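Thanks for coming. I will go through one structure today, starting from a single residue and working outwards. Please have a look at it first.

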Amino acid sequence: MADKFDVIVIGAGPGGYVAAIRAAQMGLKTACVEKWIGKDGKVAHGGTCLNVGCIPSKALLEASHKFVEAKHDFDDMGIQAGDVQMDVKKMIARKDKIVKNLTGGIAGLFKANGVTAIEGTAKVTAKDKVEVTDLDGKASTYEASNIVIAAGSVPVEIPPTPLTDDLIVDSTGALEFQETPKRLGVIGAGVIGLELGSVWNRLGSEVTVLEALDSFLPMVDTAIAKETQKLLKKQGLDIKLNARVTGSEVKGKEVVVKYEDSEGEKEITFDKLIVCVGRRPYTKGVVADGLGIELDQRGFIHVDDQCRTSVPGVYAIGDCVRGPMLAHKASEEGMMVADIIAGHKAQMNYDAIPSVIYTFPEVAWVGMTEQDAKAAGIKVKTGSFPFAASGRAMANNATEGQAKVIADAETDRVLGMHIVGQHAGEMIAQGVIALEFGSSAEDLALTCYAHPTMSEAVHEAALAVEGHAIHMANRKKR
Ligand code: FAD
Ligand code: AMP
């Protein structure tokens, strides 16, 4: 029997590595097991987020956005940039360098905090035992008073579009294209599909997004979703709603995709196809049978509000449990669980988790949509403010979009904030804080915002709840 730990964390993604660091900071003897093999053939920490998710996608989104700005927007500002070209291979190499820096950084953080990093594939074999098979196939068993499963998720594959080496790829493959495909298909108009579609659209691909649902971004407030759809269409993304992909055929270097819409069956040919139809928990084999740790049909580990599984001392967090598949949600759960194991009282507010789509402009939201509130029978009052009326937005060449505040009509409490606009992902923190602190719309309206900032649109939207926005004709009838 190998070492005994207070806590063993399985998986070093943003859920697991944060849980491990926090547990060690609490004075608990902690180990974290990871099996991800990076591009250099060595174990890499950071999970989906750092290796093939949040960070690499943002590296490509930022580079491709700067390319568009330099090519199309600089001239208007008086900047003569000449014939702007994109070196795709260099862009991908920069992304790889960022990934390597960050994943290597986690190993450094483990060392600094006294977390023991174990390399290999872990399996919970008893409520206090974890078996780890290392890269050479040798198995060792570790004892732990507490186990945290943070095994994450992997892309969903669908039978109509089996992945190929380089023609039909998932989100991971779409971060590796070495040149811009001429015709690019994206299946799924979710967060990841829109972000990856945007990257390659900006670099010159003709992008068609096929989405089975008949509504666009149903989780976002309708007004914001509608505006986003219009803006992405203007940029050249051809988003086909109500288009369910039913088959595909690889023909030489092309892929012919069959889909059904309201008019019947259709075909469309692409040079590359990205399948972005969601993610599924990666829990197969993580838990030995018969331990009493319950998984649902889709593989999510069943947990309570504090991430306890059905077996005392075993916790599960992040993408492998219910709730939004987001890195910050995984990390918050990791900290909560470490605190609970250390004997502290801890809980999470699942109603105040922000979401961001890093298109341009960004889309960000937290809390209820107007339609959610109405469906729940809550009377609301709302205030919106367009960036077209913001001085800073004009200076930034970013006048598209709007901020919207949704408040309870009786109590004025902020129920939601939904924004489409440049830096919406930064601005949404104000909505999160408003929800956490139980603020009223008036609290936001009475807050002094720096001028000129994009955030002033949030201030104005809060003022608009009572019809008092300053830079907009919006007086409400009394
Ligand atoms: P993961 O990050 O998936 O980590 C799980 C880790 O566990 C992996 O390293 C895996 O190798 C390891 N593991 C699994 N099983 C075992 C085992 N048996 N033994 C040892 N190790 C094991 N989220 C955001 O919040 N913002 C974004 O902008 C964003 N962008 C994204 C873009 C893309 C393209 C993708 C694919 C995802 C994006 N996400 C984003 C989602 C985000 O990456 C995930 O929500 C997040 O990584 C989940 O963290 P996690 O720790 O639960 O799991
Ligand atoms: P998300 O779960 O946010 O990553 O989004 C995935 C999207 O893919 C959802 O909006 C699904 O409706 C969509 N989707 C799933 N299967 C198909 C399919 N066969 N054809 C088109 N869209 C699909």
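I begin with Gly193, which counts as buried, since its relative accessibility is 0%. Keep in mind that this is a predicted model. Gly193 is found in helix 6. Apart from neighbours within four places in sequence, Gly193 is in contact with Val186, Gly188 and Cys276.

Next to consider is Ile192, which also lies in helix 6, residues 191–202. Is Ile192 buried or exposed? The answer falls in between: Ile192 is partly exposed, at a relative accessible area of 36%. Not counting residues up to four places away in sequence, Ile192 touches Ser171, Cys276 and Arg279.

Both residues appear in a record. The unreviewed UniProt entry lists, under "binding site", Gly188, Ala189, Gly190, Val191, Ile192, Gly193, Leu194, Glu195, Glu211 and Gly278. These positions span 91 residues in sequence, but no two of their C-alpha atoms are more than 14.3 Å apart, so they gather at one spot.

Now to the ligands, with ligand 2 up front. Which residues are closest to ligand 2? They are Gly188, Glu211, Ala212, Val245 and Cys276, out of 15 residues that surround ligand 2. A polar side-chain atom of Glu211 sits 2.6 Å from an oxygen atom of the ligand. Two backbones also take part: a polar backbone atom of Ala212 is 3.1 Å from a nitrogen atom of ligand 2, and a polar backbone atom of Val245 is 3.0 Å from a nitrogen atom of ligand 2. On its own, ligand 2 exposes 510 Å², and the protein buries 74% of that. The shell around ligand 2 consists of 10 nonpolar, three polar and two charged residues.

That leaves ligand 1. There are 39 residues around ligand 1, and Gly15, Glu34, Thr48, Lys58 and Ala327 come nearest. As for polar backbone atoms, one of Gly15 is 2.8 Å from an oxygen atom of ligand 1, one of Cys49 is 3.3 Å from an oxygen atom of ligand 1, and one of Ala150 is 3.4 Å from an oxygen atom of ligand 1. Ligand 1 alone has 1000 Å² of accessible area, of which the protein covers 96%.

Which elements give two or more residues to that shell? They are strand 2 (30–34), helix 2 (47–52), helix 3 (54–73), strand 4 (121–126) and helix 8 (327–341). Helix 2 gives the most, with four residues. By class, the shell around ligand 1 divides into 19 nonpolar, 15 polar and five charged residues.

That is where I will stop.

Notes
Residues are numbered from 1 along each chain as its sequence is written. Chains are lettered from A and ligands numbered from 1 in the order in which they are written. This is a predicted model: local features need pLDDT of at least 70, side-chain atom pairs count only at pLDDT 80 or more; totals for chains, interfaces and linings use all residues. Side-chain values use heavy atoms; hydrogens and water are left out. A residue is near a molecule or strand if one of its heavy atoms lies within 4 Å of it. A polar contact is a pair of N or O atoms within 3.5 Å; within protein, one must be able to donate a hydrogen and the other to accept it, and residues adjacent in sequence count only if both atoms are side-chain atoms. Accessible areas come from the Shrake-Rupley method with a 1.4 Å probe; for residues, only the protein chains shown count as cover. Ala, Val, Leu, Ile, Met, Phe, Trp, Tyr, Cys and Pro count as nonpolar, Asp, Glu, Lys and Arg as charged, and the others, Gly among them, as polar. UniProt positions are given in the numbering used here, feature names are shortened, and annotations may be inferred rather than shown by experiment. Buried means under 20% relative accessible area, exposed over 50%, partly exposed in between (1.4 Å probe, protein chains only). Contact means heavy atoms within 4.5 Å.
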